[in-house]
Amino acid sequence: MNARAGLVTAVVVVLAAVGFVVVRQAGGSDDVPTAGGTLAALTPTPTPTPTPPPTPSKASATRTVDPVAQLLAAKQRVVAQNPLYRVGRLPASRCKEPSVRPTSVANVRRYYTEYIRCLDKVWKPVIEKAGFTFLPPRLDVFTGKTRTLCDVQDSAAYCGSGTISMNATFDIDNYRRYNKLWARTTMAHLVAHEYGHHIQHLIGISDASATRTSYLKGVDAPLLESRRIELQASCLSGVYLGADRNYFPVAGSWRQRWLWTISHRGDEWGTQRDHGSSKSHSRWTRRGFDTGTPAACNTFTASAASVA
């Protein structure tokens, strides 16, 4: 045995001791394990690759939306960004002041019927231009001895179902016992004010404001919301008269008495601050009159001080 043969023999003996044999070929390369050996015995066990954590889904990664906040944001858009504010200047109805005087219930009914017909004439195309459906209001004229459909006994009221209620006893007494021109300007303002509530009903502001009020806490916040609604209705009343001023006409002694009337209607003499002070009432009504556009009546973006 030469030295090379002896070396090969020694290698075979050592490998046989660990249970497998490697055959060395003449070219010097190693062949696969044979007779009693396995490849796994020579290959280290691979380390398992860790599984990455699951990627959060889009839904779980999104912050939870507060449904109440979402609702109130939608209602805020209705009252503060209503399409009515973009219709431009109100066209004139070309209607004159009703000539009938409030000396009887029948006459009061005739006055308001004629007046509301003129309001319908001008507001119908404007409401439809803003993208809403127009429905005329129902007129309910009552006396101190009858009950209004709204179940109130005020001088005037609006029912959410679309009814304008006017107290004939109030108008007749004012005309007979007090200043006749004051009685007429009061009638003209009040019916247009209640019609303003009808507009709010048609365009969704009444409903949105009621929802907002239901989430307000304390006493002052709901009263502030109520003042925004009431002052807007008076502003819309002024818008109609301002647009029709040359035909009504709102001029001379009638205009002077109307200005006195709107500046003496305020909630500081009532039991709660829910309609606006006489100063605020006069300012918002005149603002509607001077501009002749519903955009001037956005009380919902006004400061609290301006709707006090």
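## Close-up views of a predicted model

**View 1. Gln 232 and its surroundings in helix 8.** With a relative accessible area of 2%, Gln 232 falls under the 20% limit and is therefore buried in this model, which is predicted. The residue has its place in helix 8, an element that spans residues 220–243. When neighbours within four places in sequence are left aside, the residues in contact with Gln 232 are Tyr 85, Gln 200, Ile 205, Cys 297, Asn 298, Thr 299 and Phe 300. Two of these names return in later views: Gln 200 belongs to the part of helix 6 that meets helix 8, and Cys 297 takes part in a disulfide with Cys 235.

**View 2. The whole chain, as a setting for the other views.** The protein holds 10 helices and 3 strands, and from the N terminus on its elements follow the order α-α-α-α-β-β-β-α-α-α-α-α-α. Of the 308 residues in the protein, 42% are buried. Where contacts join residues at least 6 apart in sequence, 70% of them link residues that are at least 24 apart.

**View 3. The contact between helix 6 and helix 8.** Helix 6, made of residues 180–202, packs against helix 8 at an angle of about 115 degrees, and the two axes are 7 Å apart. The crossing of helix 6 and helix 8 is right-handed. On the side of helix 6 the contact is formed by His 189, Ala 192, His 193, Gly 196, His 197, Ile 199 and Gln 200, while helix 8 contributes Ile 229, Glu 230, Gln 232, Ala 233, Ser 234, Leu 236 and Ser 237. Sorted by class, the residues in this contact of helix 6 with helix 8 comprise 5 nonpolar, 8 polar and 1 charged.

**View 4. The disulfide of Cys 235 and Cys 297.** Cys 235 is joined to Cys 297 by a disulfide, with a distance of 2.0 Å from S to S. Cys 235 sits in helix 8, whereas Cys 297 belongs to the segment after helix 10 (278–291), and the pair links distant parts of the chain, 62 residues apart. The torsion about the S-S bond of Cys 235 and Cys 297 is about -75 degrees, so this disulfide is left-handed. Both Cys 235 and Cys 297 are buried.

**View 5. The disulfide of Cys 95 and Cys 118.** The model contains 2 disulfides, and one of them joins Cys 95 to Cys 118, with 2.2 Å from S to S. Because Cys 95 lies in the loop between helix 3 (67–80) and helix 4 (105–129), and Cys 118 lies in helix 4, the pair ties together parts that are 23 residues apart in sequence. The link of Cys 95 and Cys 118 is left-handed, with -95 degrees about the S-S bond, and Cys 95 and Cys 118 are both buried.

**View 6. The open sheet of 3 strands.** The 3 strands of this open sheet are arranged in the order 1-3-2, and their pairing is mixed. Strand 1 (138–142) and strand 2 (156–159) stand at the edges with a single partner strand each, so one side of each has no neighbour in the sheet. From one strand to the next, the twist averages 20 degrees. Strand 2 runs antiparallel to strand 3 (residues 163–167), and 4 bridges join the two. Strand 2 and strand 3 form a hairpin with 3 residues between them, and Gly 162 in the turn has a positive phi of about 110 degrees.

**View 7. Ser 165 in strand 3.** Ser 165 is found in strand 3, where it is the bridge partner of Ala 157. With 0% relative accessibility, Ser 165 counts as buried. Along the chain Ser 165 and Asp 140 are 25 residues apart, yet their C-alpha atoms are separated by 4.5 Å.

**View 8. Helices against the sheet, and the two faces of strand 2.** Helix 5 (residues 168–177) packs on the sheet and touches strand 1 and strand 3, its direction making about 40 degrees with that of strand 3. Helix 6 lies across strand 2 and strand 3, and runs at about 15 degrees to strand 2. In a regular strand, side chains alternate between the two faces of the sheet. In strand 2 both faces are covered, since Ala 156 and Tyr 158 on one side, and Ala 157 and Cys 159 on the other, are all buried.

How values were computed:
Residues numbered from 1 in each chain as written. Predicted model: local features only at pLDDT ≥ 70, side-chain atom pairs only at ≥ 80, totals over all residues. Heavy atoms only, no water. Disulfide = S-S within 2.5 Å. Buried < 20%, exposed > 50% of the residue type's maximum accessible area, 1.4 Å probe, protein only. Axes fitted to C-alpha atoms, helices over the stretch in contact; angles between N-to-C directions. Left-handed = near helix turned anticlockwise from the far one by under 90°. Contact = heavy atoms within 4.5 Å. Nonpolar A, V, L, I, M, F, W, Y, C, P; charged D, E, K, R; others polar. Pairing = 2+ DSSP bridges.
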